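Colleague: I would like to learn how to read a model of this kind, feature by feature. Could you take me through it, giving the general idea each time and then the case at hand?

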Amino acid sequence: MANTKKYKIALSGNPNVGKSTIFNALTGMHQHTGNWAGKTVANARGEYKYNNNIYEVVDLPGTYSLMSNSEEEEIARDYICFENADCIVIVADASNLERNLNLVKQILEMQENIIICVNLLDEAKKKGMKIDLNMLEQELGVPVVGVIAKKRKTLKKLIDTIEKVCNFELKTSIESTKYDKNVENYIIKVQREVERNVKNSKLARWIAIKLLEGNEKIVGKIKNEFNIDIKIEPIENLAETTIEKIMEESEKICKKVVKLEKQNYNKRDEKIDKILTSKMTGIPIMILFLTLVFWITIVGANYPSELLSKFFSRYRRKVNGILCRH
Ligand SMILES: Nc1nc2c(ncn2[C@@H]2O[C@H](COP(=O)(O)OP(=O)(O)OP(=O)(O)O)[C@@H](O)[C@H]2O)c(=O)[nH]1
Ligand SMILES: [Mg+2]
């Protein structure tokens, strides 16, 4: 019998995208799930067995980014940076892909052994959205798997893909964010220095960029963890440039892969808009509308007030009687 291997799997992603639901389905555990109350802040750990191997899964806190110093972002960033997971599964919300891709792109700058798990496909369908998962895979250069986490059966392909990534059976081709020539040369120079201590060249590039961005908290931790001792002059506004590039790229990818199927709703709105705003129909409709308002204020309002006055004159005596008794 072949030796049992133990692999480390991390579940990352935006808040409330179904990470804990997937964690529970994989491990058979009962990590709390829910809208806000279920928020995962500490890392939950569990295991599952598949084809004789053991997979230890860590449910990371949900974050929108890995660039700030919030507790959640620090926990997620440290794990992805320092823990050498065999596979990182980034769970993304199909019905809100662009915002999710901002985090996906940030993690793709750090590691290679990544799977994008597009969850909540049922919610996306309800909104009339269709995600081209194959095209998303081509655009990102890593395996993409679509799931509906609430339905356990849909997780089969994810489990298979995790196995393949852990066994290096899948090739990735992630394109790193590129900067202007001078900045790029500087990054490569620092990366070479970092690679003396960090063998993973993808991570070494990310560390070089973080060193050049100059966020002291991140830099301090990285230097400490990897024993790096380089003096570097930070590049002004590099962090902002990085964010801008990532956001631009996410928007571009989303435009390519998200198709709106249920356009009837939008089309109906568009038609009403056209009728109300064109000169031919819009102006007569506006005049009609104003005439109606005018008529209501001058003539139309007399009808309800006449009814009220008839009502009160009919019951005046009774009402007077009741009031005078007291
Ligand atoms: N409709 C639908 N709901 C889902 C799906 N997956 C998860 N949910 C629901 O989405 C909500 C959030 O799920 P969680 O698993 O708690 O999300 P999370 O990513 O762990 O959230 P944080 O820990 O706060 O980051 C829960 O109410 C789930 O039941 C899905 O595929 N479809
Ligand atoms: Mg959770």
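Colleague: Leaving aside its neighbours within four places in sequence, which residues is glutamate 175 in contact with?

Modeller: Please keep in mind that this is a predicted model. Once the neighbours within four places in sequence are set aside, glutamate 175 is in contact with Lys105 and Glu109.

Colleague: Where is glutamate 175 found, and is glutamate 175 buried or exposed?

Modeller: Glutamate 175 is found in the loop between α6 (156-166) and α7 (181-194), and with a relative accessible area of 65% this residue is exposed, the cut-off for that word being over 50%. Separation along the chain and separation in space can be read side by side: glutamate 175 and glutamate 139 are 36 residues apart along the chain, and their C-alpha atoms are separated by 9.0 Å. For another such pair, glutamate 248 in helix α10 and lysine 8 are 240 residues apart along the chain, with 32 Å between their C-alpha atoms. Glutamate 248 is likewise a residue that counts as exposed, at a relative accessible area of 54%.

Colleague: How should I read salt bridges, and how many does a search of the whole structure find?

Modeller: The idea is to look for a side-chain nitrogen of Lys or Arg within 4 Å of a carboxyl oxygen of Asp or Glu, and a search of the whole structure finds 15 salt bridges. In one of them the side chains of glutamate 74 and lysine 217 meet, at 3.1 Å from N to O. Because glutamate 74 lies in helix α2 (residues 71-82) and lysine 217 in helix α9 (residues 216-226), this pair ties together parts that are 143 residues apart in sequence. Glutamate 74 is buried, with a relative accessible area of 16%, whereas lysine 217 is partly exposed at 43%.

Colleague: Which parts does the pair of lysine 256 and glutamate 139 tie together?

Modeller: The side chains of lysine 256 and glutamate 139 meet in a salt bridge of 3.1 Å, N to O. Lysine 256 belongs to helix α10 (residues 238-257) and glutamate 139 to helix α5 (residues 133-140), so parts that are 117 residues apart in sequence are tied together by this pair. Lysine 256 is partly exposed, with a relative accessible area of 37%, and glutamate 139 also counts as partly exposed, at 28% relative accessibility.

Colleague: How far apart are the closest N and O atoms of glutamate 249 and lysine 252?

Modeller: In the salt bridge between glutamate 249 and lysine 252, the closest N and O atoms are 3.7 Å apart. The two residues are separated by about one helical turn, because they are three residues apart in helix α10. Glutamate 249 counts as partly exposed at 25% relative accessibility, and lysine 252 is partly exposed with a relative accessible area of 49%. Salt bridges can also share partners, and those that do so here join Glu74, Asp78, Lys217 and Lys221 into one network.

Colleague: Turning to nonpolar cores, which residues in the largest one touch the most other members?

Modeller: A core is read by following buried nonpolar residues from one side-chain contact to the next. The largest nonpolar core has 55 residues, and Ile116, Leu136, Leu140, Val194, Ile207 and Phe226 touch the most other members. Helix α8 (residues 201-213) supplies the largest share of this core, eight residues. This core lies between domain 1 (6-176) and domain 2 (181-252), because both give residues to it. Not counting residues up to four places away in sequence, valine 194 touches Ala204, Ile207, Ala208, Leu211, Ile228 and Ile230. Apart from the largest core lies another, of 27 residues, among them Leu11, Tyr55, Val89 and Ala149.

Colleague: What does the domain assignment give for the chain?

Modeller: The assignment gives domain 1 (6-176), domain 2 (181-252) and domain 3 (278-325). Taken over C-alpha atoms, the centres of domain 1 and domain 3 are separated by 61 Å.

Colleague: Finally, is asparagine 53 buried or exposed?

Modeller: Asparagine 53, whose place is in strand β3 (residues 53-59), is buried, with a relative accessible area of 10%. A polar atom of the asparagine 53 side chain lies 2.9 Å from the backbone nitrogen of lysine 5. Leaving aside neighbours within four places in sequence, asparagine 53 is in contact with Asn3, Thr4, Lys5, Tyr7 and Tyr48.

How values were computed. Residues are numbered from 1 along each chain as its sequence is written. Chains are lettered from A and ligands numbered from 1 in the order in which they are written. This is a predicted model: local features need pLDDT of at least 70, side-chain atom pairs count only at pLDDT 80 or more; totals for chains, interfaces and linings use all residues. Side-chain values use heavy atoms; hydrogens and water are left out. Helices (H or I, at least four residues) and strands (E, at least two) are DSSP runs, numbered from the N terminus. Buried means under 20% relative accessible area, exposed over 50%, partly exposed in between (1.4 Å probe, protein chains only). A nonpolar core is a set of buried Ala, Val, Leu, Ile, Met, Phe, Trp, Tyr and Cys residues joined through side-chain atoms within 4.5 Å. Domain bounds come from an automatic or database domain assignment. Contact means heavy atoms within 4.5 Å. A polar contact is a pair of N or O atoms within 3.5 Å; within protein, one must be able to donate a hydrogen and the other to accept it, and residues adjacent in sequence count only if both atoms are side-chain atoms.
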